[in-house]
Amino acid sequence: MNKPILLMVDDDPQVLAAVRRDLRARYREQYTVMSAPSGETALTAVRDLKARGDALAMVISDQRMPAMLGNELLSRVRDVYPLARRVLLTAYSDIAAAVNAINEAHVDHYLSKPWDPPEEKLYPVVDDLLDTWQAESLPETSGLRLVGHQWSPRSHAIKDFLAGNLVPYRWLDVDRDPDSRTLLDAVGVAVDDLPALVFEDGGALRNPEPRDVAERLGKSLSASFDVCDLVIVGAGPAGLAAAVYGASEGLRTILLDRHGPGGQAGTSSRIENYLGFPNGVSGSELTRRAVAQAHRLGAEFLVPLEVTGISIEAGYKRLTFTEGRELVTRAMLAASGMIYREHPARGVAEHSGAGVYYGAATTEAPAFSGRRVMVIGGGNSAGQSAMHLARYAKEVQIVIRRDGLQHTMSHYLIDQIAGTPNIRLRPRTELECVQGAGHVERVILRSLDGTSSDEEVDAVFIFIGTRPQSDWLPAAVLRDVKGFVLTGRDLMAAERYPQVWKEPREPLPLETSVPGVFAAGDLRAGAMNRVASAVGEGSMVVRLVHEYLALT
Ligand SMILES: Cc1cc2nc3c(=O)[nH]c(=O)nc-3n(C[C@H](O)[C@H](O)[C@H](O)COP(=O)(O)OP(=O)(O)OC[C@H]3O[C@@H](n4cnc5c(N)ncnc54)[C@H](O)[C@@H]3O)c2cc1C
């Protein structure tokens, strides 16, 4: 296998030579550094690389070039190598063009000239982007391969588990991919045993549970402490932030999740409004960074582990998990967030995992290349997913009950959708029925004026209302009528507060009606439902835990 390529493009020979020199000085052991004097020659080189099957890791292009501007080149490179990192090189006076390029051409970063010294201004940016590229890309011939039927809910569950836990793998559809049969014969797996996970060493797991996969991949299910200071249930943004602060402030901290890290944010294809990421960040990338940070600071992460109940004994919280394991802690954070509501239309439940997916657009999008898909819902999560699906599918329809998206979706997404020709909005419409033999083949839609229509589609992605994941909490943890957990001052206003709260002090902010059990993020009544607010609350909670521990 050839080394991956770093491609530098500039019409100014001096600049080109200087960047090439700096890149070679640091990256030549692992990457081949190539250069091109114009956008056209660069595009030809990129197509040749693709035809040869080489990996393109990054393109750095000057913005001002005579025949083709840098942002246009980078946008066209994206069509050939969607994962390659794209960096625009600009003069200070061109910063406005660079910011536009972030929005229009989805450029990953811009560097303004001059970049000296490279140790400060060039290498940190390139190192970071190459790290993210490596995390997402996997060589064709190596690594983990999952073989299964596209319409099997079991295959979908394993795909979702691997993607949710940031494990790179290659998906082989046994009905479409000719290599899959050869691979199955080589490792001795029968088609009846699918889905099968095939490892680089030739070993295979036949029709595994996510738990078997976790064990084979060395994910931990049991903690190294007998009694911890803080157990965090749920590794979405709130839980991850609490793990970072808890571990960095010396608490014996355990973070656990029933699925994998990232929560709802982890399923987002592009979060555009999180502070410090001017060009947006994918949910998986934000999660990868947060997990690495929590790990480095000493938090333990257990996955997949689902809490089923809690009992309180002399102030200690005893958590029980499916399969009867237990964990004892002095303080606990409930950060189990929200989950999409089941759609009540006929045929939805039968096709779940076989063409009907809840919020799994990033996991399943590549499987629907060239096909027709439907997104149900008009919120930001539906909009982001429609944009992501539109990169693969022939047509994406967004079905909403309202007249338009303006009341439920952010402006930037409405603009992006309006500028994407293969997305079609179906206002004043609802999903009535999903049909198909073994997998989704068509849906019946009903317009609010009463007419019904049949549509052929291959998949339906559902993003309708959410509900809190609070069923696992004991009844003593007070909730509002919708099931969101009450904390702090909201708790004191609840009717049952005087019956349940027996401490001589008021509850701390973010503390629930059980002393020492805190709640943060989307699970909490009154939450803002944003990544930043979940992170903020998760960070805050650690100081409150210290206060609580000092009282006990
Ligand atoms: C597709 C999509 C796109 C979004 N885009 C944006 C955006 O661009 N900007 C923005 O600000 N916000 C966005 N949001 C909203 C944002 O992601 C949420 O507000 C945020 O993730 C809430 O974080 P959280 O930690 O409170 O909970 P969650 O993210 O919901 O995480 C909860 C975690 O708890 C785990 N869990 C649940 N029950 C248990 C149990 N019993 N035992 C163990 N683990 C359990 C779950 O598996 C999950 O991992 C988006 C949401 C979605 C779905």
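In this predicted model, helix α12 gives the most to the lining of the largest cavity, putting in three residues. Two elements, α12 (283–297) and β12 (300–302), supply at least two lining residues each. The full set around the space is Leu240, Leu255, Val291, Ala294, His295, Ala299, Glu300 and Phe301. Sorted by character, that lining comes out as six nonpolar residues, one polar and one charged. As for volume, the largest cavity holds about 40 Å³. A search of the whole structure turns up one cavity of 30 Å³ or more.

Next comes the sheet. Five strands make up an open sheet in the order β2-β1-β3-β4-β5, and the pairing is parallel. The edges belong to β2 (32–36) and β5 (109–112); each has a single partner strand, so one side of each goes without a neighbour in the sheet. On average, and ignoring direction, neighbouring strands here are turned by 20° against each other. Looking at the β5 edge, strand β4 (residues 85–90) runs parallel to β5 and is joined to β5 by four bridges. Within this stretch, Leu88 stands opposite Tyr110 of β5.

Helices lie across these strands. Helix α1 (residues 13–27) lies across β1 (5–9), β2, β3 (56–62) and β4, and runs at about 170° to β2. With angles over 145 degrees counted as roughly antiparallel, α1 and β2 fall in that class, given their angle of about 170°. Helix α3 lies across β1, β3 and β4, running at about 165° to β3. By that cut-off of 145 degrees, the angle of about 165° makes α3 roughly antiparallel to β3 as well.

Helix α3 also has a helical partner. Two packed helices are described by the angle between their axes and the distance between the axes. For helix α2 (residues 39–52) and helix α3 (residues 70–80), the angle is about 10° and the axes are 10 Å apart. Angles under 35 degrees count as roughly parallel, and α2 and α3 are therefore roughly parallel to each other. On the α2 side of the contact sit Gly39, Ala42, Leu43, Val46, Arg47 and Lys50, and these meet Leu73, Arg76, Val77 and Val80 in α3. Taken together, the residues of this contact split into six nonpolar, one polar and three charged.

How values were computed: Residues are numbered from 1 along each chain as its sequence is written. This is a predicted model: local features need pLDDT of at least 70, side-chain atom pairs count only at pLDDT 80 or more; totals for chains, interfaces and linings use all residues. Side-chain values use heavy atoms; hydrogens and water are left out. On a 1 Å grid over the protein atoms alone, a cavity is a set of points where a 1.4 Å probe fits but cannot get out, and a pocket is an open set with protein on both sides within 12 Å along at least five of seven lines; lining residues have an atom within 4 Å of a point. Grid points are joined across faces, edges and corners, and a volume is the space filled by probe spheres set on the points. Ala, Val, Leu, Ile, Met, Phe, Trp, Tyr, Cys and Pro count as nonpolar, Asp, Glu, Lys and Arg as charged, and the others, Gly among them, as polar. Axes are lines fitted to C-alpha atoms, for helices over the stretch in contact, and angles run from 0 to 180 degrees between N-to-C directions. Angles under 35 degrees count as roughly parallel, over 145 as roughly antiparallel, 65 to 115 as roughly perpendicular and the rest as oblique. Contact means heavy atoms within 4.5 Å. Two strands pair if DSSP finds at least two bridges between them.
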